[in-house]
Amino acid sequence: MKIIVDRDKCVGSGQCVMTAEGVFDQSEEDGIVELLDPEPPAEAAADVRLAASLCPAMAIRIEDAAQ
Amino acid sequence: MTTASEPAADPAAVPHYPMERAAGCPFDPPPGLRERQRKGPLTRVRLWDGSTHWLVTRYADQRAVMSDPRVSADVRRPGFPNVAPLPPDGASGLSFVTMDDPEHRRLRRMVTAPFAIRRVRAMRPAIQEIVDGLIDDMLAGPKPTDLVEAFALPVPSLVICRLLGVPYDDHDFFQANSKTLIRRSIAPERRAEARRALLDYLDGLMADKLARPGDDLLSGLGERVKAGELTRTEAARMGVLLLVAGHETTANMIALGTLALLRHPDQLALLRESDDPALVESAVEELLRYLTITHVGRRRIALADLEIGGQVIRAGEGIVLPNDIANRDPDAFPEPDRLDLRRGDARRHVAFGFGVHQCLGQPLARIELQVVYGILYRRVPTLALAADLEDIPFKHDGAVYGVYELPVTW
Ligand code: HEM
């Protein structure tokens with residue numbers, strides 16, 4: 001799984017950090033998303049998908065290697 | 001695909017919005033909304049001024065509209081579905097909540113960092129201390145007492161004052177004006193006065209912060225004013241938005257949530273008998289979903305033609321999105337009318353809205369509610385209502401739903 005975040009779209013709602021903490025963080029400076037792990041392990045996949053679906057700004061995109 | 005713009009066959013059949021709740025069902029959305037949800041994805045509603053707009057009731061459709069960049073939240077656009085007359089001075093709503101990108105983004109980003117998850121988590125011990133202190137005071141005081149005055153309002157007021165750098169000693173002033181500002185049944189002139197009073201107050205505070213900056217959010221805005229990124233008026237407007245949004249909403253969730261729990265004793269028992277943080281977290285999400293206190297709904301206007309549920313909303317048409325009924329959509333939440341604190345996925349609710357305007361303060365609201373629901377019923381296990389449900393004054397006329405008073409004893 002490969003994650004792409006769009007910092008321009010992000011509104012800093014924090015949904016992704018609440019859902020998949022090791023993968024996403026928010027910048028100290030502006031509260032906008034920071035991707036800690038663009039290719040997270042399989043165990044994190046479900047949380048990452050949930051984070052993407054909860055993101056109110058549609059700022060998280062997932063590319064599946066399998067597809 | 002049919003076009004949805006045909007006029008309704010019988011104009012008298014277009015129901016009024018906001019709709020009324022059923023007698024004796026203070027926690028449930030109006031039955032008229034449920035009926036509309038069953039009817040189809042898009043129906044029409046009529047507002048106070050006779051204008052008609054699209055009503056979107058289903059969870060998936062609401063998320064689609066609210067996250068669509070082709071809708072505007074600017075209440076001044078002609079045809080915008082305002083639920084009450086705009087103030088006579090023609091001024092817009094409060095800061096960026098009624099602006100569109102890129103202006104909305106520019107301003108929201110200036111205050112996003114203080115609401116980031118890690119920043120807000122660091123406030124937890126201070127919030128816990130505030131909550132513990134207020135419970136001590138309440139227990140030491142007379143009973144019955146009004147939970148709103150004694151507890152529900154002071155918790156978020158103290159927290160937001162600390163975060164913004166607003167003196168809590170002024171709480172009588174700003175609480176009274178906030179209450180007026182968001183009460184629909186109050187004349188627009190009086191609401192405009194309340195907003196003016198709050199703006200003047202925040203403008204005065206900004207002057208203090210510019211002269212003597214401290215370690216708080218308003219001083220941070222002062223730095224930006226000095227750097228020329230923001231005008232002092234814009235800063236004061238943002239201050240009003242944060243102050244009002246920061247205490248009215250959470251206060252209502254505390255009081256109405258407590259009432260809902262008192263009326264669902266089996267659910268209350270879960271919280272009273274557990275110290276599992278995961279249960280408290282899911283309880284907060286479920287109460288947010290079940291109560292959805294921002295009951296006048298989101299409102300938007302289409303900037304381009306949009307397709308929703310196979311129908312078309314035309315550019316320039318108004319859209320009303322009551323989040324309370326979306327959070328009771330059976331296609332999104334099984335047995336939606338059941339309050340179930342152990343519901344696994346309540347967090348998908350739209351009680352904080354969706355799209356670029358989704359609540360900025362949600363991490364803070366969540367922690368405040370987790371601290372409150374996690375301790376209040378454990379420390380006051382005999383907490384009980386000291387009035388009949390019929391005698392509780394509900395905020396049917398508020399922009400935010402809740403109770404004006406909640407007499408309790410223990
Ligand atoms: C349980 C408590 C709360 C609820 C239910 C709630 C609900 C909402 C909702 C539904 C919106 C979306 C408005 C729209 O889309 O038109 C919103 C926006 C907002 N909320 Fe909250 N809120 C709560 C607490 C807070 C707190 C504690 C703050 C802190 C200051 C806050 C600050 C804001 C701000 C600044 C916005 C505007 C965001 C924007 O337009 O980008 N809210 N809130």
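Here are some friendly questions and answers about this predicted model, starting at the ligand and moving out to where the chains meet.

Q: Which protein residue is the single donor to the iron atom of the ligand?
A: To count as a donor here, an N, O or S atom must be within 2.8 Å of the metal. One protein atom passes, an SG atom 2.3 Å from the iron. The residue that carries this SG atom is B:Cys359.

Q: Where in chain B does B:Cys359 lie?
A: Start with the two helices on either side, H14 (323–326) and H15 (362–379) of chain B. Residue B:Cys359 belongs to neither helix, as its place is the loop between H14 and H15.

Q: Which residues come nearest to the ligand?
A: The ligand has 27 residues around it. The iron donor B:Cys359 is one of the nearest. The full group that comes nearest is B:His104, B:Arg108, B:Arg300, B:His357 and B:Cys359.

Q: How many Å separate an oxygen atom of the ligand from an N or O atom in the side chain of B:His357?
A: Several side chains reach ligand oxygen atoms. A polar side-chain atom of B:Arg108 lies 2.8 Å from one, and for B:Arg298 the distance from an N or O side-chain atom to a ligand oxygen is 3.1 Å. For B:His357, the value is 2.6 Å.

Q: Which element gives the most to the shell around the ligand?
A: Three elements of chain B each supply at least two shell residues: helix H3 (103–110), helix H11 (232–262) and strand E6 (298–302). The top contribution is 7 residues, and the element that gives them is H11(B).

Q: How many residues of the shell around the ligand are nonpolar?
A: The shell holds three kinds of residue. There are 3 charged and 8 polar ones. The nonpolar residues number 16.

Q: What area do chain A and chain B bury between them?
A: On the chain A side, 25 residues are in contact with 21 residues of chain B. Carbon and sulfur atoms account for 46% of the buried area. The area itself is about 2000 Å².

Q: Which three residues supply 26% of the area that chain A buries against chain B?
A: The area that the two chains bury between them is about 2000 Å². Of chain A's part, no other three residues supply more than this trio. They are A:Val11, A:Met18 and A:Pro56.

Q: How many salt bridges does the rule find across the interface of chain A and chain B?
A: Over all chains, the count of salt bridges is 30. One that joins the two chains links A:Glu21 with B:Arg121, at 2.8 Å from N to O. Across the interface, the number found is 3.

Q: Which element of chain A holds A:Asp25?
A: The side chain of A:Asp25 forms a salt bridge with B:Arg118, and their closest N and O atoms are 2.8 Å apart. This pair crosses between chains, with B:Arg118 in helix H4 (residues 117–121) of chain B. On the other side, A:Asp25 sits in strand E2.

Q: Which side chain makes a polar contact with the side chain of B:Arg34?
A: The residue B:Arg34 is in helix H1 (residues 31–39) of chain B. Leaving aside residues up to four places away in sequence, B:Arg34 touches B:Ile325, B:Arg328 and B:Asp337. The polar contact, at 3.1 Å, is with B:Asp337.

How values were computed: Residues are numbered from 1 along each chain as its sequence is written. Chains are lettered from A and ligands numbered from 1 in the order in which they are written. This is a predicted model: local features need pLDDT of at least 70, side-chain atom pairs count only at pLDDT 80 or more; totals for chains, interfaces and linings use all residues. Side-chain values use heavy atoms; hydrogens and water are left out. Donors are N, O and S atoms within 2.8 Å of the metal (3.2 Å for Na, K and Ca); water is not among the atoms, so sites may look incomplete. Helices (H or I, at least four residues) and strands (E, at least two) are DSSP runs, numbered from the N terminus. A residue is near a molecule or strand if one of its heavy atoms lies within 4 Å of it. A polar contact is a pair of N or O atoms within 3.5 Å; within protein, one must be able to donate a hydrogen and the other to accept it, and residues adjacent in sequence count only if both atoms are side-chain atoms. Ala, Val, Leu, Ile, Met, Phe, Trp, Tyr, Cys and Pro count as nonpolar, Asp, Glu, Lys and Arg as charged, and the others, Gly among them, as polar. Contact means heavy atoms within 4.5 Å. Buried area is the accessible area (1.4 Å probe) that two parts lose on being put together, summed over both. A salt bridge is a side-chain nitrogen of Lys or Arg within 4 Å of a carboxyl oxygen of Asp or Glu.
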